[in-house]
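Trainee: I would like to learn how to read strands, sheets and helices in a model. Can we work through a case together?

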Amino acid sequence: MLTGLPCPLVPPPPLLPRYLSARGRTPGAPAGARCGPAPPLLLSSPLRPVPSLLPRESESAAGGSRALRSGAAPLRAGATMATSIGNFFRRSLRRSGRREGKEEASAAENNPSRVLPGKPGERSSVFYSAGQFFFEYLVVVSLKMSDGCYKPKITYQFPKRENLLKGQKEEEERLLQAIPLFCFPDGNNWAPVTEFPSETFSFVLTDVDGSRKIGYCRRLLPSGRGARLPEVFCIISCLGCFGLFSKILDEVEKRRQISMAVIYPFMQGLRESPFPAPGKTVTIKSFIPESGTELIELTRPVDAHLEHVEFQALLQRLSPHLILHIFASAVLERRLIFLAEELSVLSQCIHAVAALLYPFTWAHTYIPVVPECLLATVCCPTPFMVGIQMRHLEQVLDQPMEEALIVDLCEGKILRAVGDEEEILPIKLQNEMLMSLNRHNNNNNIHTSEQVNTLVSEAFVQFFVRMVGHYASHIKWSKNGSGTFQERAFCKAIASKTNRKFVKKFVKTNMFSLFIEEAEKSRIPQEAYFQQKITQYHEQKKHRRDS
């Protein structure tokens, strides 16, 4: 575990079922079939920080702008690094794929931090606890010549961790070995340049226990004269808030142009500040030579479940009709491949697709930017959601992969589909979501990303409210406080045949199974925002009946 915190090292509450489960259905298998652990490579889920002040490692994602490159010495991960990274994730999979026993489930149920109700508009504190540290450490990854080619290496780490136990040291070394690969995932040829547009992206790695670390990165050209190589400033944190960390990286980049020495006091001040609650602001004092002391305000969005999402990126590249096809494939946990050249496009669009599933979580392989040496991920027979740079299209199509939805984000079209995407969602609800997304495109009063996020999210949340919002009524509670979901009665309660047909498929997915597993542990709803929408929906139905 990597923390860098002066706290005792303790494991977080057992949350493995949220990320890994054997209850889900293998794509293409009969309705009752179950699948085993996820594929033996990179396993991840979308950004959902775990409830611990001592987070571990995380999963893979990215966003940023196109970089300038030329054809000098090639940057490649190398066989040794690729093998090591692959082994790292295989170890994670073997250990975290095991089902938790009854004792762990009981311990989780008795942990009050897991059942604290959240305020309307935010996730429960289990996922976005205010007061946590902003980050664990900052690393700088630079390109260094080795064996005739440029390879990414960590050249700076703050803070340094000392007096680690052997197991802790080995775990840290494995993570630090993975970070450079995801800071330079493109695997292109690199050469010193005089100009380079800075780019911002993030990656996330899943640890052996299902917890995660997020790497927020800014790739930039250091100040100086003549041709230089880009470097990456990477902030490691367990907290998912891309907009806020992007602002932090703006401050890091501004200080880098002055001196590396100016970055340290700013990051130290940030490290000593608590992570704010949704809608709240924290102020950081920072001194800059020749400018004096600056006050930097960092504010979290009010709606915490949307703070790592930019739906506008998805809407700019895909029509509402195609977005619904992608959503339909994702909701049945199929294999999805997204293609684009820019890291930012891949990152933002895949994060957005995963966010459409709220209050459910994509629980399979999730790599918004696949490093070149890990392209064989597309051969996995189990579900995945991955992003691949367009230059690798031919190589991907040559892989012996099973049915998958392949989306071209550059041209805004689907290159390959299963063929039934139009028929997955109930037609009436599908048309209502389509109308909602089209209204957004035709609404000139929507200007901010927050407004876009709210309107788009609302359409898909309402879909789940109407499909499965009655789930709590079909959990039977025993005297000892444990719940048992009554799946048959739940499906039977749906009056519409087309809705019931969809729900019977949906209840066999991992994401629904994991959601219900959490719901069975406590009478207090795990997703306060979703529960608020369910209550509003039933109140509106009652009002219509009474009027």
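Mentor: We will take the sheet, then a hairpin, then helices. Keep in mind that this is a predicted model.

Trainee: In what order do the strands of the open sheet of five strands lie, and how do they pair?

Mentor: Strands of a sheet pair through backbone hydrogen bonds, either parallel or antiparallel. Here the order is E2-E1-E5-E4-E3, and the pairing is antiparallel. E2 (149-158) and E3 stand at the edges. Each has a single partner strand, so one side of each lacks a neighbour in the sheet. From one strand to the next, the twist averages 25°.

Trainee: How many bridges join E4 to E5?

Mentor: Seven, and the two strands run antiparallel. For a point of register, isoleucine 214 stands opposite serine 237 in E5.

Trainee: What does H5 touch on the sheet?

Mentor: H5 packs on the sheet against E3, E4 and E5. Its direction makes about 40° with that of E4. H6 packs on the sheet too, touching E1 (137-146), E2 and E5. The direction of H6 makes about 55° with that of E2.

Trainee: Which way do the side chains along E6 point?

Mentor: In a regular strand the side chains alternate between the two faces of the sheet. E6 shows this alternation. Val282, Ile284, Ser286 and Ile288 point to one face and are buried. Thr281, Thr283, Lys285 and Phe287 point to the other and are not buried.

Trainee: What joins E6 to E7?

Mentor: Eight bridges, with the strands antiparallel. Valine 282 stands opposite leucine 298 in E7. The hairpin has three residues between the strands. Glutamate 290 in this hairpin takes a positive phi near 70°.

Trainee: Back to H5. How far apart are its end C-alpha atoms?

Mentor: They are 20 Å apart. At 1.5 Å a residue, the 15 residues of H5 (242-256) should span 21 Å, so the two values agree.

Trainee: Why is H5 described as largely enclosed by the rest of the structure?

Mentor: Because eleven of its 15 residues are buried. Among them are Phe242, Leu244, Phe245, Ile248 and Leu249. Charged names appear as well, including Glu251, Glu253, Arg255 and Arg256. The buried residues of H5 pack against E3, E4, E5, H6, E6 and E7.

Trainee: Is leucine 181 buried or exposed?

Mentor: Its relative accessibility is 5%, and buried means under 20%, so leucine 181 counts as buried. Leucine 181 lies in H4 (residues 166-183). Lysine 153 is 28 residues from leucine 181 in sequence, with 8.9 Å between their C-alpha atoms.

Conventions: Residues numbered from 1 in each chain as written. Predicted model: local features only at pLDDT ≥ 70, side-chain atom pairs only at ≥ 80, totals over all residues. Heavy atoms only, no water. Helix = DSSP H or I, 4+ residues; strand = E, 2+ residues; numbered from the N terminus. Expected span 1.5 Å × (residues − 1). Buried < 20%, exposed > 50% of the residue type's maximum accessible area, 1.4 Å probe, protein only. Contact = heavy atoms within 4.5 Å. Pairing = 2+ DSSP bridges. Axes fitted to C-alpha atoms, helices over the stretch in contact; angles between N-to-C directions.
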